[in-house]
Amino acid sequence: MARFLFRAALLLLGATAGLRAALPPMGLLPAAIADPEMARADYVEQCAGCHGVQGSTAPAQLPELRGRVGWFLCTPQARAYLIRLPNVAHSRIKDNQQLADMMNYVVFGLGGASTPRNAAPFTAEEVARERQHALSTTTLRAERARQVESAIRQCGAPASLRLLYPGQKG
């Protein structure tokens, strides 16, 4: 029995390592982040429970952040959408610079190559302004779909962004 459990654990560990190796690479963090370790810690505390420590929880029915979330910086409306998400706008992080740093970790770090090259980091002023217009939970799916279509049409985002994660089945 112990041998079986040991082999099962090794198989699971190998499968997990294989999945992690398949994740897109992390992006460079902007110098605007005052404390990158704090930004990562805030992400883990505030977001990773649902979105995963690495920004990937597929096949859970949640938006995949890794290698994808950066596309939301390509239009001003999609950029505002990220800050207006209820879990961001109503975050327990009340300091707007700290929240901007966390969101910059998310879009530049986890978003990696999906983030437009000329995208400006979030600022404390932008976060303070946009979090006053938090979205309601009844509009989240429709608003995400609208912003995704805009990113595909205006910025050349991949059509797979319509899915919550790559490979999602209907």
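Phe72 and Tyr81 are both buried in this predicted model. Their rings have centres 5.6 Å apart and planes at 25°, so this pair is stacked, the planes being under 30 degrees apart. The protein around them has eight helices and zero strands. Of its 170 residues, 41% are buried.

**Aromatic rings**

- A pair of aromatic rings is described by the distance of the centres and the angle of the planes.
- There are two aromatic pairs in the structure.
- In the pair of Tyr43 and Tyr105, the ring centres are 5.8 Å apart and the planes stand at 45°, so this pair counts as tilted.
- This pair joins distant parts of the chain, since Tyr43 belongs to helix H2 (residues 36–46) and Tyr105 to helix H6 (residues 96–110), with their positions 62 residues apart.
- Tyr43 and Tyr105 are both buried.
- A ring also lies under a charge: the charged end of Arg79 sits over the ring of Phe122, at 4.7 Å from the ring's centre.

**Overall fold**

- Read from the N terminus, the order of elements is α-α-α-α-α-α-α-α.
- Among contacts with a separation of 6 or more, 72% are between residues 24 or more positions apart.

**Glu64 and its surroundings**

- Glu64 lies in the loop that runs between helix H3 (48–51) and helix H4 (76–84).
- The relative accessibility of Glu64 is 8%, which is under 20%, so the residue counts as buried.
- Leaving aside residues up to four places away in sequence, Glu64 touches Leu23, Gly55, Ser56, Thr57, Ala58, Leu164, Tyr165 and Pro166.
- From Glu64 to Gln54 the C-alpha to C-alpha distance is 9.9 Å, and the two are 10 residues apart in sequence.

**The largest pocket**

- The largest pocket holds about 750 Å³ of space.
- Its lining consists of 30 residues, and those nearest the centre of the pocket are His51, Pro63, Tyr81, Leu85 and Arg144.
- Tyr81 thus appears in two places in this briefing: in the stacked pair with Phe72 and among the residues nearest the centre of the largest pocket.
- Several helices take part in the lining: H2, H3, H4, helix H5 (86–89), H6 and helix H8 (140–155) each supply at least two residues.
- H8 gives the most to this lining, with six residues.
- By class, the lining of the largest pocket has 19 nonpolar, five polar and six charged residues.

**The largest cavity**

- The structure has one cavity of 30 Å³ or more.
- About 40 Å³ of space lies in the largest cavity.
- The residues lining the largest cavity are Gln46, Cys47, Asn87, Val88, Ser91 and Met102.
- Three of the residues lining the largest cavity are nonpolar and three are polar, and there are no charged residues in this lining.

Notes:
Residues numbered from 1 in each chain as written. Predicted model: local features only at pLDDT ≥ 70, side-chain atom pairs only at ≥ 80, totals over all residues. Heavy atoms only, no water. Phe/Tyr/Trp six-rings, centres within 6.5 Å; stacked < 30°, edge-to-face > 60°. Helix = DSSP H or I, 4+ residues; strand = E, 2+ residues; numbered from the N terminus. Buried < 20%, exposed > 50% of the residue type's maximum accessible area, 1.4 Å probe, protein only. Lys NZ or Arg CZ within 6 Å of the ring centre and 35° of its normal. Contact = heavy atoms within 4.5 Å. 1 Å grid on protein atoms, 1.4 Å probe; cavity = no way out; pocket = protein on both sides within 12 Å on 5 of 7 lines; lining within 4 Å. Points joined across faces, edges and corners; volume = space filled by probe spheres on them. Nonpolar A, V, L, I, M, F, W, Y, C, P; charged D, E, K, R; others polar.
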